[in-house]
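Colleague: Before I take this model to the bench, I'd like to go through the labels on it. Could you walk me through the reasoning behind them?

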Protein chains: 2
Amino acid sequence: MNETLATAENAEEQLIEMAHRARKACRALGLATPAQRTDGLRKAAAAVRTRAAEIEAANAKDMAFAKEKGLSPAMLDRLLLNADRIEAMASGLESVAELPDPVGQVIAEWDRPNGLHIERVRTPLGVIGVIYESRPNVTADAGALCVKAGNAAILRGGSESLHSSGLIADCLRQGLAEAGLPEDAVQIARTRDRDFVGAMLGASGLIDVIVPRGGRNLIERVLSDARVPVFAHLEGLVHLYIHEAADPEKAVVLAVNSKMRRTGICGAAETLLIDRSVAAALLPKIASALIEVGCVLRGDAAARAVMPIMEPASDEDWRTEYLDSILSVRVVDGIDQAMTHIADHGSDHTDCIVTEDQAVADRFLNEVDSAIVMHNASTQFADGGEFGMGAEIGISTGRMHARGPVGAEQLTSFKYRVRGNGQTRP
Amino acid sequence: MNETLATAENAEEQLIEMAHRARKACRALGLATPAQRTDGLRKAAAAVRTRAAEIEAANAKDMAFAKEKGLSPAMLDRLLLNADRIEAMASGLESVAELPDPVGQVIAEWDRPNGLHIERVRTPLGVIGVIYESRPNVTADAGALCVKAGNAAILRGGSESLHSSGLIADCLRQGLAEAGLPEDAVQIARTRDRDFVGAMLGASGLIDVIVPRGGRNLIERVLSDARVPVFAHLEGLVHLYIHEAADPEKAVVLAVNSKMRRTGICGAAETLLIDRSVAAALLPKIASALIEVGCVLRGDAAARAVMPIMEPASDEDWRTEYLDSILSVRVVDGIDQAMTHIADHGSDHTDCIVTEDQAVADRFLNEVDSAIVMHNASTQFADGGEFGMGAEIGISTGRMHARGPVGAEQLTSFKYRVRGNGQTRP
């Protein structure tokens with residue numbers, strides 16, 4: 001593995017060369033049969049299993065480097081690969097292998113009065129750049145999902161995971177080659193040079209879309225600097241709105257699960273809105289259940305009037321994605337105020353209403369303009385796997401091309417096939 | 001109408017203000033009923049008819065300005081609005097009004113094992129910037145298509161059409177207002193300041209997508225400078241490939257129609273490829289039919305050996321979009337060489353095979369990676385109207401979001417609606 005630190009110039013040169021190879025590989029991969037792509041991913045899973053000890057050894061080098069750099073225990077845990085995690089990675093590759101193949105799928109077809117038959121058919125999207133941080137298993141997940149949809153992936157992992165990610169990418173390449181597919185459909189930057197990220201972000205025309213996976217700083221940099229389309233969300237400022245016609249039990253259960261199941265994921269609720277007419281009766285039940293499992297509540301004046309145990313919420317709280325056991329609570333005067341609050345403070349990610357009033361629920365689902373809008377369900381379902389997509393490369397809050405969970409289907413483009421029998425245009 | 005020339009700074013300020021109003025209007029328009037949007041466009045058509053004399057008068061001012069500037073007769077003809085053209089514009093608005101409304105359409109829906117019901121539903125795309133040249137009727141066509149899909153349009157017409165386009169935009173705004181819809185869903189730059197185009201191209205986050213309509217210089221500038229996604233094609237380097245199993249009559253008829261029906265449109269064929277095994281028998285028939293209707297042919301050596309009347313083609317010819325009565329002709333050794341030629345020289349717009357061999361046709365349709373691939377049909381069908389989309393705002397050769405003809409459906413995004421009955425995530 002080449003670990004020489006690249007200069008800015010050769011980061012760009014490296015990327016251009018990789019992108020050209022990726023374009024060629026993508027074309028061959030898109031023309032391969034679905035069975036071949038499936039086979040390539042299965043063989044990649046087998047390679048991961050066969051080379052598990054090698055991967056662990058590479059990971060040990062990464063762990064030593066990371067400890068030397070003084071990474072936090074949480075970061076070290078993310079970086080760590082052990083036998084269980086390597087097996088999980090292999091079976092993850094197999095799951096992606098078994099997903100429905102989107103390439104060649106006819107999305108729509110119709111006949112014209114002149115007899116032309118027109119089909120809109122899915123094609124690979126092209127070259128996908130994935131920029132991620134410490135978890136080396138993203139190499140397998142993201143690489144596989146790109147390959148499933150006939151795309152080529154250019155991966156740039158965290159500098160800490162250089163050895164592990166490089167070896168995992170090698171397993172994917174090995175699987176592709178064994179299935180007679182171009183191994184350059186998966187390429188990884190084998191450098192710690194940060195200029196490589198800059199080269200990717202500027203690679204308009206070479207990379208078709210960039211998917212960043214990681215913390216806020218990474219996403220912010222990618223969104224602000226990219227000259228290439230990006231599938232991403234900056235934050236999940238998720239709201240759970242308890243309408244006056246909410247079933248009290250559902251309200252309690254959904255609040256606890258939406259906030260506390262896992263606090264660090266983007267679908268975790270960050271603000272609870274509750275109708276004034278039911279605040280006195282319902283808020284104490286919801287708050288107590290949350291406090292019992294360790295959640296800190298920050299309320300507005302009306303919420304604190306009901307539950308003085310809450311800390312006071314500042315304006316900043318309505319704009320804060322805690323990713324922690326903290327929930328801001330605001331009392332609202334009905335659905336209009338709730339939707340205005342969401343429009344003013346939300347992040348277009350996921351928002352949910354709890355109510356037994358179907359008409360009110362329909363209005364919320366229709367009018368709230370977020371990638372995912374929910375009725376009587378935990379916001380933690382905001383996930384490609386939970387949506388039945390099998391796997392996701394991320395969740396997008398953008399409006400172009402992909403929105404919400406980005407699965408294999410969202411990593412495709414389409415073209416039109418037109419069949420005639422000699423028709424000319426009058 | 002404010003005609004003061006804006007400085008760079010106030011072009012940007014103007015745009016920001018327009019974009020904020022557009023965002024608000026788009027939200028209201030997206031929440032209106034399909035019937036209201038239809039009504040708004042019908043009333044806009046009525047306004048165009050009622051104000052036809054005003055429009056003609058405004059157009060006379062534009063024509064005087066354009067003559068003073070010394071515009072070519074062809075440009076003057078594009079700029080001209082007479083009673084017939086104004087009526088065509090009004091009935092065009094009515095056609096768009098009657099198109100199926102894409103907003104709210106459920107594209108996909110499924111149930112999860114836990115009982116969650118998930119729908120993917122179309123939503124407006126947002127704020128669409130349209131930059132166009134002399135034809136003032138684009139104001140009506142493009143504005144209406146944006147409105148149909150619940151979007152707000154920011155229009156920037158050619159400086160020659162300032163008065164006519166401004167008045168047509170006023171008619172659209174009037175129709176919207178009469179239907180109880182926000183008139184700011186259609187806004188037009190009432191300035192000849194070229195900096196306004198620059199402000200639009202840089203308006204990342206304010207404008208969601210830009211559609212340029214016009215000549216090559218405009219499209220090149222937009223594609224190179226835009227920090228906003230663009231739906232466009234730079235050129236239509238369209239190929240017609242006559243395979244050895246082509247029906248001779250179809251080959252002749254399709255060649256003549258693909259090249260000569262109208263030479264100035266992007267779907268017009270620019271290069272004819274023909275298999276060596278049938279060149280001697282078939283090329284003379286095709287070439288004679290083309291020459292008879294005024295087409296100049298430029299052939300490679302093998303083509304000229306059969307038809308010495310052809311001019312010699314240079315390498316440049318294979319890369320030239322003539323948009324004129326000129327066709328380059330190359331003899332190839334079968335489908336592989338034909339597809340390689342198309343991959344090397346094409347523009348990913350539209351390419352067609354003429355053959356009676358279904359397997360060969362399928363291979364061509366599958367492997368040629370252009371927005372539109374055709375079998376036994378005139379390439380001049382590459383058009384949203386001919387595809388049955390009712391209207392198009394342009395044809396895109398990009399792979400993100402929209403590809404091929406861009407109609408109302410392609411001017412939408414989507415969101416997910418998730419309905420549960422209290423499900424929590426384990």
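Modeller: Let's start with a cut-off: a residue is called buried when its relative accessible area is under 20%, exposed when over 50%, and partly exposed in between. Keep in mind, too, that this is a predicted model.

Colleague: Fine. Why is A:C26 called buried?

Modeller: Its relative accessibility is 9%. The cut-off is under 20%, so A:C26 counts as buried.

Colleague: And how do you know that A:C26 isn't in a disulfide?

Modeller: A disulfide needs two cysteine sulfur atoms within 2.5 Å. For A:C26 the closest cysteine sulfur is in A:C146, 10 Å away, so that is too far for a bond.

Colleague: What about A:C295?

Modeller: Too far as well: its sulfur is 16 Å from the closest cysteine sulfur, which sits in A:C352. A:C295 is also buried, because its relative accessibility is 5%. Over all chains, the count of disulfides by this rule is 0.

Colleague: A:C352 turns up among the contacts of A:H239 too. What makes A:H239 buried?

Modeller: The relative accessibility of A:H239 is 0%, so it counts as buried. This histidine lies in strand β7 of chain A, residues 238-242. Leaving out residues up to four places away in sequence, its contacts include A:T271, A:H341, A:H345, A:D351 and A:C352.

Colleague: What makes the pairing of A:H239 with A:D351 a polar contact?

Modeller: The cut-off for a pair of N or O atoms is 3.5 Å, and the side chains of A:H239 and A:D351 are joined at 2.9 Å, so the pair qualifies. A polar atom of the A:H239 side chain also lies 3.2 Å from the backbone oxygen of A:L237.

Colleague: Why is helix α6 of chain B described as largely enclosed?

Modeller: Because 10 of its 11 residues, over 138-148, are buried. Among them are B:V138, B:A142, B:L145, B:C146 and B:K148. After α6(B) comes B:G150, with a positive phi near 80°.

Colleague: What makes a positive phi worth flagging outside glycine?

Modeller: Most residues other than glycine have a negative phi. A:L323 has a positive one, near 50°, and A:N376 has one near 55°.

Colleague: Are those two buried or exposed, or partly exposed?

Modeller: A:L323 counts as partly exposed because its relative accessibility is 36%, and its place is the loop between β10 (311-312) and β11 (326-332) of chain A. A:N376 counts as buried because its value is 2%; this asparagine is in strand β13, residues 372-377.

Colleague: How do you know that the relation between chains A and B is that of a two-fold axis?

Modeller: Chain B superposes on chain A after a rotation of 180° with 0.0 Å of shift along the axis, at an RMSD of 0.0 Å. That is why the relation is that of a two-fold axis. The C-alpha of B:H401 is the one in chain B nearest the axis, 2.0 Å from it.

Colleague: And what makes you say the copies meet through the same surface?

Modeller: 100% of chain B's interface residues are also interface residues in chain A, so the copies meet through the same surface.

Colleague: Last one: where does the phosphohistidine label come from?

Modeller: From UniProt, where an unreviewed entry places "modified residue: Phosphohistidine" at A:H20. In the model, A:H20 lies in helix α1 of chain A, residues 8-31.

Definitions and conventions. Residues numbered from 1 in each chain as written. Chains lettered and ligands numbered in written order. Predicted model: local features only at pLDDT ≥ 70, side-chain atom pairs only at ≥ 80, totals over all residues. Heavy atoms only, no water. Helix = DSSP H or I, 4+ residues; strand = E, 2+ residues; numbered from the N terminus. Buried < 20%, exposed > 50% of the residue type's maximum accessible area, 1.4 Å probe, protein only. Polar contact = N/O pair within 3.5 Å; in protein donor to acceptor, adjacent residues only side chain to side chain. Contact = heavy atoms within 4.5 Å. UniProt positions renumbered as here; feature names shortened; annotations may be inferred. Least-squares fit on C-alpha atoms with pLDDT ≥ 70 in both.
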